[in-house]
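User: I'm new to reading protein structures. Could you walk me through this one, step by step?

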Amino acid sequence: LSMDKLILPRRKRRTPEIVRLEPKAAAVAAELAAETGYSVQSIVSQMVLFCKDRVELADMEATDDTD
């Protein structure tokens, strides 16, 4: 089974933007921004666009989880 990858070419970093994310997601976005030179906004935007056609919606049973 082959997995697709989001490939981000390295470039010079621009000014930082504020993006509201859960702490774990924000840490990943910040790490990728530091490694690539892209802004966090650009990283998250590219991730969302990449995932758009790869998301499968499914009905879930009711639970007490609030994630």
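User: Thanks! Which residues make up the largest nonpolar core?

Analyst: Before we start, keep in mind that this is a predicted model. To join a nonpolar core, a residue has to be buried, and that means under 20% relative accessible area. In the largest such core here, 7 residues qualify: Leu8, Ala29, Ala33, Tyr38, Val40, Ile43 and Val44.

User: Which helix gives the most to this core?

Analyst: Both helices take part, as H1 and H2 each supply at least two residues of the core. The top contributor gives 3 residues, and that helix is H2.

User: How many helices and strands does the chain have?

Analyst: Helix H1 covers 23–36 and helix H2 covers 40–51. No other helices turn up, and no strands either: the count for the chain is 2 helices and 0 strands.

User: Let's pick one core residue, Tyr38. Is Tyr38 buried or exposed?

Analyst: Tyr38 sits in the loop between H1 and H2. The cut-off for buried is under 20% relative accessible area. Tyr38 comes in at 11%, so Tyr38 counts as buried.

User: Which residues is Tyr38 in contact with, leaving aside neighbours within four places in sequence?

Analyst: Some of these partners also belong to the largest nonpolar core, including Leu8, Ala33 and Ile43. With the sequence neighbours within four places set aside, the full list for Tyr38 is Leu8, Pro9, Arg11, Arg13, Ala33, Ile43 and Gln46.

User: And how far apart in space are Tyr38 and Thr15, C-alpha to C-alpha?

Analyst: Along the sequence, Tyr38 and Thr15 are 23 residues apart. In space, going C-alpha to C-alpha, the distance between Tyr38 and Thr15 is 9.4 Å.

User: Now for charges. How many salt bridges are there in the whole structure?

Analyst: One of them joins Asp4 and Arg54. Another joins Lys52 and Asp53, with the closest N and O atoms 3.2 Å apart, and Lys52 and Asp53 are both exposed. A search of the whole structure gives a total of 2 salt bridges.

User: How far apart are the closest N and O atoms of Asp4 and Arg54?

Analyst: A salt bridge needs a side-chain nitrogen of Lys or Arg within 4 Å of a carboxyl oxygen of Asp or Glu. Asp4 and Arg54 make the cut, with their closest N and O atoms at 3.2 Å.

User: Why does that pair tie together parts that are 50 residues apart in sequence?

Analyst: It comes down to where the two partners sit. Their C-alpha atoms are 9.9 Å apart in space. Asp4 lies in the segment before helix H1 and Arg54 in the segment after helix H2, so the salt bridge links parts of the chain that are separated by 50 residues in sequence.

User: Is Asp4 buried or exposed?

Analyst: Exposed means over 50% relative accessible area, and partly exposed covers the range between 20% and 50%. Its partner Arg54 has 46%, so Arg54 is partly exposed. Asp4 has 53%, so Asp4 counts as exposed.

User: Last one: which residue's ring does Arg54 lie over?

Analyst: Arg54 is found in the segment after H2, where it also forms the salt bridge with Asp4. Arg54 lies 3.9 Å from the ring centre, over the face of Phe50.

How values were computed: Residues numbered from 1 in each chain as written. Predicted model: local features only at pLDDT ≥ 70, side-chain atom pairs only at ≥ 80, totals over all residues. Heavy atoms only, no water. Lys NZ or Arg CZ within 6 Å of the ring centre and 35° of its normal. Helix = DSSP H or I, 4+ residues; strand = E, 2+ residues; numbered from the N terminus. Buried < 20%, exposed > 50% of the residue type's maximum accessible area, 1.4 Å probe, protein only. Core = buried A, V, L, I, M, F, W, Y, C linked by side-chain atoms within 4.5 Å. Contact = heavy atoms within 4.5 Å.
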